[in-house]
Amino acid sequence: MGTVGFVLVLIVVFCGIFGPWITPFDPLKINVPDRFQAPSFTHLMGTDNLGRDIFSRIIAGSRIALTIGISTIAIALVLGMTLGLAAGYGPRWLDNLLLLIFDSIYSFPTVILGLTVVTLLGASVTTLMLVVIVIQTPAYARLTRTATLTIKNSEYIQAIESLGASKLRIIFVHLLPNVMGPLLIVASMDIPSVVTLEAGLTYLGMGIPPPAPSWGRTLQEGYTLIQVAPWIVISGGIPLIITTLGFTFLGEALRDLIDPKLRRMR
Amino acid sequence: MLFYAIQRIGLSILILITSMVMLFSALKFIPGDPATIMLGSRANPEMRARITEELGLNDPIVVQLGTFFGRLLQGNLGTDLWSKRPVAMMVMENLPYTLLLIGIGLGWAALLGIPLGCMSAVKRNSFIDKFTGVISVGTISIPSFVVAIYLILIFAIALGWLPVIGAGEKGDWHDQAMHLVMPSFALGLGWVGYLARIVRASMLEVMGENHIRTARAFGLPELRIIKDYALRIAILPTITLLAVAVGSLLSSAVFVEAIFARPGIGKLIVDAASMRNFPVVQGGVLTTVALFALIMPIADLLVAWLDPRVRANL
Amino acid sequence: MTDLVLDIRNLSLNFASRGAPVQALRNVSFTVPHGEIVGIVGESGSGKSTLSLAVMQLLADNARIIEGQMLFGGQDLLKLSEAAMRDLRGSRIAMVFQDPMTSLNPVRSIGQQMLDIQHRDRSAIEVKRRKASDALTRVGIPDAVQQLDCYPFQFSGGMRQRIAIAMGLMQRPELLIADEVTTALDVTLEAQILHLLREIRDEIGCSIMFISHNLGAVAEICDRVVVLYAGEVVEQGPIGDIFERPQHPYTRALIACDPARIRDATRELPVIAGDVPNLRTPPPGCIFALRCAQVFDRCLTARPTDMMCGPDHAARCHLLAQASR
């Protein structure tokens, strides 16, 4: 299962990086005479109502999905770790306050939080990224906080402190390495949900504005034409499935590898 | 037990209040004039002045907060900017549809997930176990709206078996049921995997325990052991998971309701959001948050009540 | 021959594993006569629990019976179908496990569990409850009727073990297997439980297979003793013979190591040097050879066979063969 995931992820990343060079057609080029073509050898996934080649749009979409996915998660990771460390190491009231805020963010169903922010700020790439960051940060912060709390009171930390190690040193040399592993695995499993969120919000018209070839856009346009040109919608779903399955399989395999407890349960 | 209940619900209410304050202050802290944001670029100075006056946007923060909570306690969620209808009423009209959808969706997830998880645990490492494992990950990953669209392609367009749009004729149970099939299935499918996995894990843990061996040593039939001994215990973490599922399903319901053009909170919020109709969005969001915030402690209390060990220790 | 409740002949059992299979039991033969308490003694890893689970046919999936017969009332348990075996469990053969904390279902009340055991019985619930409370009273649980609705965690360790015994004897089995039932209890409780077991045997007339690593407990109530080492029966016989005239070096060492036997003040406790052999690759000769104080050449190359050293007393040792020449 892990190998399948790895291969799928590789495909997506490949498309993301080399997108502009491998698209057979310009994803944005409108070519009305060619519209509504069913899949063929020239147009592997057919064309849409404006004659744009769907296959190219899909490949271009991978770049959008991955960029947003990875950058937002990276930012959320950094932010989360900082906040988690603050919560764990800082004064009690800060911990309680942060926890309260995190739990409150949790109690918002994801998409609904996204919609709220979009209502306030309007649909754009920045809004989308902001939404993802707000949603993801609490999870990472919590993980970091737990790790911090566990280690903070452990004996070997007390021993090191008595030898004169500064708090900063403890954080960077001892805490972070311990937390990075599980955090990264959780983060990699979050990539598909972020990509899905982006696609979903764009589908509803609240995400990335047109004409950017986000996969959500393809789905949205395709849905209205579902009876006439079903291939659009089918093609729009495929990359999402590949991405989500790929990252999840990979993440699961990684987690099984690293967590011996889970391995024993198999 | 009672004290524990009060504690849990109290905490949830605190979180709920914090969420509402955050929601409220979000409007204040964003750049730009709230009135313009709400009305969009079509606003002209008159409309802006009127909105500002109506919503008391110029009053000191504390007063606004106070009015906000005051109104909430009275059940007043504000008024729709355009139609002037009370938001509370709009929410009440739509909420039952969403609740029904989520309920049936969870039903699908439980119907498929729990037996699969159970069988995987009982027949460890068999074909069914591995198959369930892959299916679980698969269903967890694939987004619900993609599932929904593909379902529509297959069952509505290609086969013509099920209707797509809306919730069906009022009063016609059969029609409404038909309209529920695809949306609820698309919604619930994603959680089949989670449920199967947690049932499997809990069952494996329980089945390995000594008291199961004792039950076998007394000749109890295997089916009885699974049902009354193993499953009873394994179901406890499942209940907690189901509560979490509600939150996730509330999110997915937004997409499903949009795709199937079903009435519901999700659709209400989406439509309002696209029109920047903040009061309606706010009202809808508050309702969903409250719903979720209350489901969690209820699930925890249910688990505590079902497990005599926890009950005795409270 | 007075009827034998259990007659185990040449039982050999392996556990399949990634490498070579673990030969957990090799050529085990002994009998449990009607109405007698037979003690199975051995250190950890000797195969005591495997033996008891084997009788109940409750071993793990990777257990493989290589050869042998287990005759219970004339029927070979190894040849029974699972359904037939299940019929016996809890009715004619009952088992009490070592750790009462984990062997009782934590979320079902005692009464519910005792009613579950009577699942073959078609009588009314009141009748079943009566039977359950009677059994509880019999093992010394006060206020039995009220206690039926309590949960295991509400009882102390000693009470839980009594409850487990009550569950075992409720259906008046012919054979009760008590697997290390006193190991988790302190000395006073242990004495009470032992006393209880003997009373039950006297009342119901069942046979008891009493498994323990505690020689003292075995000496207290058993009629016969079977000494198990690394999966083999190295000696078996009436209790008097075993304790007063032990023939096998291992039995002798065990008895000598019993702290109760120490006469003079000493800084060191007597031990049996060495470790239990690796059961994936058992040695070619006697299983105890490498730890035996009286080992000689033959012990390392040839497997000893059972030699009689008394009317009902047998040991598996080359020394006996030598002595009889």
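These are my notebook entries on the chain interfaces, aromatic pairs and a few buried elements of this predicted model.

**Entry 1: which chains meet**

I began with the chain pairs and found 2 in contact, of which chains A and B share the most contacts. I then looked up chain A against chain C and noted that they do not touch, their nearest C-alpha atoms being 15 Å apart.

**Entry 2: chain A against chain B**

For this interface I recorded 47 residues of chain A in contact with 48 residues of chain B. The two chains bury about 4100 Å² between them, and 79% of that area is on carbon and sulfur atoms. I looked up which residues of chain A contribute, and I112(A), T119(A) and L120(A) supply 16% of the area that chain A buries against chain B, more than any other three residues.

I next checked the polar side of the interface, where the rule finds 0 salt bridges between chain A and chain B, while 6 residue pairs are in polar contact, both partners being at pLDDT 80 or more. On the side of chain A that touches chain B, I listed the helices of chain A that each supply at least two residues: helix 3 (92-106), helix 4 (110-121), helix 7 (167-203), helix 8 (215-224), helix 9 (230-258) and helix 10 (260-265). Helix 9 of chain A gives the most to this side, with 13 residues. I also noted the composition of the side of chain A that touches chain B, which divides into 30 nonpolar, 12 polar and 5 charged residues.

**Entry 3: chain B against chain C**

I turned to the second interface, where the contact takes 20 residues from chain B and 24 residues from chain C. The area buried between chain B and chain C is about 2100 Å², with carbon and sulfur atoms giving 65% of it. Here the rule finds 1 salt bridge, which I traced to D116(C) and R224(B), whose closest N and O atoms are 2.7 Å apart. I also recorded 7 residue pairs in polar contact across the interface of chain B and chain C, both partners again at pLDDT 80 or more.

On the side of chain B that touches chain C, the elements giving two or more residues are helix 9 (210-217), helix 10 and helix 13 (308-313) of chain B. Helix 9 of chain B provides the largest share, 6 residues. By class, I found that this side of chain B divides into 8 nonpolar, 4 polar and 8 charged residues.

**Entry 4: helix 4 of chain C**

Since D116(C) had come up in the salt bridge with R224(B), I looked at the helix around it. Helix 4 (residues 110-117) of chain C has 7 of its 8 residues buried, so it is largely enclosed by the rest of the structure. I listed the buried ones as I110(C), G111(C), Q113(C), M114(C), L115(C), D116(C) and I117(C). These buried residues pack against helix 10 (222-259) of chain B, together with helix 5 (125-138), helix 6 (144-147) and helix 7 (157-169) of chain C.

**Entry 5: helix 1 of chain C and S212(C)**

I found helix 1 (residues 48-56) of chain C mostly covered, with 8 of its 9 residues buried, among them K48(C) and M56(C). The residue that follows helix 1 of chain C is Q57(C), whose phi is positive, near 55°.

I then looked up S212(C), which lies in strand 8 (residues 207-212) of chain C and counts as buried at 1% relative accessibility. A polar atom of the side chain of S212(C) lies 2.8 Å from the backbone nitrogen of N214(C). Leaving aside neighbours within four places in sequence, S212(C) is in contact with several residues, including K48(C), E180(C) and V218(C).

**Entry 6: aromatic pairs**

I counted 10 aromatic pairs over all chains. F127(B) and F131(B) form a stacked pair, 5.8 Å centre to centre with 20° between the planes; they are 4 residues apart in helix 6 (residues 127-141) of chain B, and are therefore separated by about one helical turn. F127(B) is exposed, with a relative accessible area of 67%, whereas F131(B) is partly exposed at 42%.

I also looked up Y229(C) and Y250(C), a tilted pair at 4.7 Å centre to centre and 50° between the planes. Y229(C) lies in strand 9 (residues 224-229) and Y250(C) in helix 11 (residues 249-257) of chain C, so the pair ties together parts that are 21 residues apart in sequence. Both Y229(C) and Y250(C) are buried. Finally, I noted one aromatic cluster formed by Y203(A), Y223(A), F145(B) and F255(B).

Methods: Residues are numbered from 1 along each chain as its sequence is written. Chains are lettered from A and ligands numbered from 1 in the order in which they are written. This is a predicted model: local features need pLDDT of at least 70, side-chain atom pairs count only at pLDDT 80 or more; totals for chains, interfaces and linings use all residues. Side-chain values use heavy atoms; hydrogens and water are left out. Contact means heavy atoms within 4.5 Å. Buried area is the accessible area (1.4 Å probe) that two parts lose on being put together, summed over both. A salt bridge is a side-chain nitrogen of Lys or Arg within 4 Å of a carboxyl oxygen of Asp or Glu. A polar contact is a pair of N or O atoms within 3.5 Å; within protein, one must be able to donate a hydrogen and the other to accept it, and residues adjacent in sequence count only if both atoms are side-chain atoms. Ala, Val, Leu, Ile, Met, Phe, Trp, Tyr, Cys and Pro count as nonpolar, Asp, Glu, Lys and Arg as charged, and the others, Gly among them, as polar. Buried means under 20% relative accessible area, exposed over 50%, partly exposed in between (1.4 Å probe, protein chains only). Rings of Phe, Tyr and Trp (its six-membered ring) pair if their centres lie within 6.5 Å; planes under 30 degrees apart count as stacked, over 60 as edge-to-face and the rest as tilted.
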